[in-house]
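Biologist: Before I rely on words such as buried, paired or pocket, I would like to hear the rule behind each of them. Could we go through the model together, term by term?

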Amino acid sequence: MAQDDDWQLLDYRGTGTWPEAWPPVAWRFESPTVVQFRVTAGSAHRNNVGTVHGAFLAALAENSMQLPMETRARGSITISLAYDYPAPATLDQEIAGEVR
């Protein structure tokens, strides 16, 4: 995954937590209230039909919601999280999303 200057990496490898099996997730602030993220999922994240597992995508979205809190001093937040899967995610293809 190519890195532009303003993208940072969220890398759980070696943490002893469940996401340590994830590839590094690139992220950046698009605006003060929008965080963009991108990642390329590999074979470790595949489901039984050969596409990216929905649980990986859901956990990726959930973990990305923490980025504004970790990187900027803020008070508590209220989170609403809903998942729509309009099409399968393909292995070894970049997946991109954003948190608002």
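Biologist: What joins strand 2 to strand 3, and through how many residues?

Modeller: A hairpin makes that connection, through 2 residues. Please keep in mind that this is a predicted model, in which local features need pLDDT of at least 70 and side-chain atom pairs count only at pLDDT 80 or more, while totals for chains, interfaces and linings use all residues. Residues are numbered from 1 along each chain as its sequence is written, and side-chain values use heavy atoms, with hydrogens and water left out.

Biologist: What makes strand 2 and strand 3 a pair?

Modeller: Strands are DSSP runs of E with at least two residues, helices are runs of H or I with at least four, and both are numbered from the N terminus. Two strands pair if DSSP finds at least two bridges between them. Strand 2 (residues 25–31) and strand 3 have 5 bridges in the antiparallel sense, so they satisfy that rule. Within this pairing, S31 stands opposite V34.

Biologist: How do you know that strand 3 also pairs with strand 4?

Modeller: Strand 3 and strand 4 (residues 94–99) share 6 bridges, again antiparallel, and V35 stands opposite V99 there.

Biologist: Why is strand 3 called largely enclosed?

Modeller: Buried means under 20% relative accessible area, exposed over 50%, and partly exposed in between, with a 1.4 Å probe and protein chains only. In strand 3, 6 of the 7 residues are buried, and therefore the strand is described as largely enclosed by the rest of the structure. Helix 1 is described in the same way because 8 of its 11 residues are buried, among them F56, L57 and N63.

Biologist: Why is H45 called buried, and D92 exposed?

Modeller: H45 has a relative accessible area of 9%, whereas D92 has 63%, so the first value falls under 20% and the second over 50%. H45 is in the loop between strand 3 (34–40) and helix 1 (54–64). Contact means heavy atoms within 4.5 Å, and, not counting residues up to four places away in sequence, H45 touches residues including W22, P23, F56 and L91. D92 lies in the loop between helix 2 (67–71) and strand 4, and its phi is near 60°, a positive value in a residue other than glycine.

Biologist: What makes W22 and F56 an edge-to-face pair?

Modeller: Rings of Phe, Tyr and Trp (its six-membered ring) pair if their centres lie within 6.5 Å; planes under 30 degrees apart count as stacked, over 60 as edge-to-face and the rest as tilted. By this rule the count comes to 3 aromatic pairs. In one of them, W22 and F56 are 5.5 Å apart centre to centre with 80° between the planes, so they qualify as edge-to-face. W22 lies in the loop between strand 1 (8–10) and strand 2 and F56 in helix 1, so the pair ties together parts that are 34 residues apart in sequence. W22 is buried at 4% relative accessible area, and F56 is buried at 5%.

Biologist: What makes W27 and F29 an edge-to-face pair?

Modeller: Their ring centres are 5.8 Å apart, with 80° between the planes. W27 is itself buried, with a relative accessible area of 5%.
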